[in-house]
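Work through the exercises below with the sequence and the model side by side, and try each task before reading its solution.

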Amino acid sequence: MNAQEIDYVIYGEEMQYVEIELDPQEAVVAEAGSFMMMDSDIKMDTIFGDGSNQDTGVLGKLFSAGKRLLTGESLFMTAFLNIGHGKKQVSFASPYPGKIIPIDLSEFQGKFICQKDAFLCAAKGVSVGIEFSKRLGRGLFGGEGFIMQKLEGDGMAFVHAGGTTAKKVLGPGETLKVDTGCIIGFTKDVDYDIEFIGGIKNTIFGGEGLFYATLRGPGTVYIQSLPFSRLAGRVLASIPRGGKDKGEGSILGGLGDLLDGDNRF
């Protein structure tokens with residue numbers, strides 16, 4: 001498959017967006033809800049799947065789109081096509097604080113495996129599919145189930161991650177141990193498995209879960225410092241229950257809140 005070549009610029013620090021420049025008749029596909037803004041002469045169209053298998057017939061398109069349901073995504077994606085005569089721009093934003101990572105699939109032997117909610121957008125022609133885990137432990141205890149997303153092709157794709165990102169290049173046999181939720185993605189030659197932390201104190205009092213991921217090279221791994229699940233968990237834990245809050249306004253608790261400045265919200 002030959003994906004279309006696109007130019008891009010990433011703006012921002014903690015709440016980033018990517019601006020993609022499209023030549024006439026070039027297109028980009030994106031997840032629903034990631035669109036930010038676009039120039040005139042760009043046509044937006046809803047398509048089944050990722051639009052990479054347009055010659056496979058109706059059943060092929062339905063099968064390609066149906067696989068997306070297994071990753072928790074919608075049956076549909078949105079395609080943005082430049083129907084004008086000059087270069088036009090379309091922008092896509094990260095859904096929560098973090099970084100947007102450009103992935104040139106031609107540099108990774110045409111395949112990149114990522115968390116099932118990490119994909120943001122890609123050049124038209126990049127295939128967005130599913131990657132099944134072949135290991136029982138990884139599927140049951142990995143925190144991401146048996147299914148991850150795989151991006152295939154020779155074009156540009158963009159994934160988003162929470163917090164600060166780290167890129168690790170592993171040599172043959174080199175191992176990296178990571179919290180399962182902190183994995184953004186990795187190249188196809190990286191061996192991914194789940195390992196039990198062990199130890200009674202670690203299991204009961206460690207507060208880090210019972211398992212972590214082991215990533216074994218050769219290959220490249222991308223790590224995020226703040227998975228969305230961790231961010232959401234902290235927010236949920238801070239929600240007042242029963243009409244009471246934690247009294248963060250003052251060391252005096254509720255009484256201190258009355259003495260604080262603006263408590264209208």
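**Exercise 1.** In this predicted model, find which residues I20 is in contact with once its neighbours within four places in sequence are left aside, and then place I20 in the nonpolar interior.

*Solution.* Step one is to list the partners of I20, which are I6, D7, Y8, V28, K88, Q89, V90, F92, C121 and F158. Step two is to turn to the largest nonpolar core, which has 38 residues, and in which I20, F92, C121 and L151 touch the most other members. Step three is to look for a core lying apart from that one: it has 14 residues, including I113, L170, F186 and V221.

**Exercise 2.** Decide whether Q224 is buried or exposed, and describe its surroundings.

*Solution.* First locate Q224, which sits in strand β19, spanning residues 219-224. Next compare its relative accessibility of 8% with the cut-off for buried residues, which is under 20%; Q224 therefore counts as buried. Then inspect its side chain, where a polar atom lies 3.0 Å from the backbone oxygen of G181. Finally, beyond the neighbours within four places in sequence, Q224 is in contact with Y96, A161, G162, T164, G181, C182, I183 and I184.

**Exercise 3.** Describe the protein chain as a whole, beginning with how many helices and strands it has.

*Solution.* Begin with the count, which gives five helices and 19 strands. Continue with burial: 42% of the 265 residues count as buried. For the surface, the accessible area is about 14,300 Å², with 56% of it belonging to carbon and sulfur atoms. Lastly, among contacts between residues at least 6 apart in sequence, 75% join residues at least 24 apart.

Methods:
Residues numbered from 1 in each chain as written. Predicted model: local features only at pLDDT ≥ 70, side-chain atom pairs only at ≥ 80, totals over all residues. Heavy atoms only, no water. Helix = DSSP H or I, 4+ residues; strand = E, 2+ residues; numbered from the N terminus. Buried < 20%, exposed > 50% of the residue type's maximum accessible area, 1.4 Å probe, protein only. Contact = heavy atoms within 4.5 Å. Areas by Shrake-Rupley, 256 points an atom, 1.4 Å probe, with all protein chains shown as cover. Core = buried A, V, L, I, M, F, W, Y, C linked by side-chain atoms within 4.5 Å. Polar contact = N/O pair within 3.5 Å; in protein donor to acceptor, adjacent residues only side chain to side chain.
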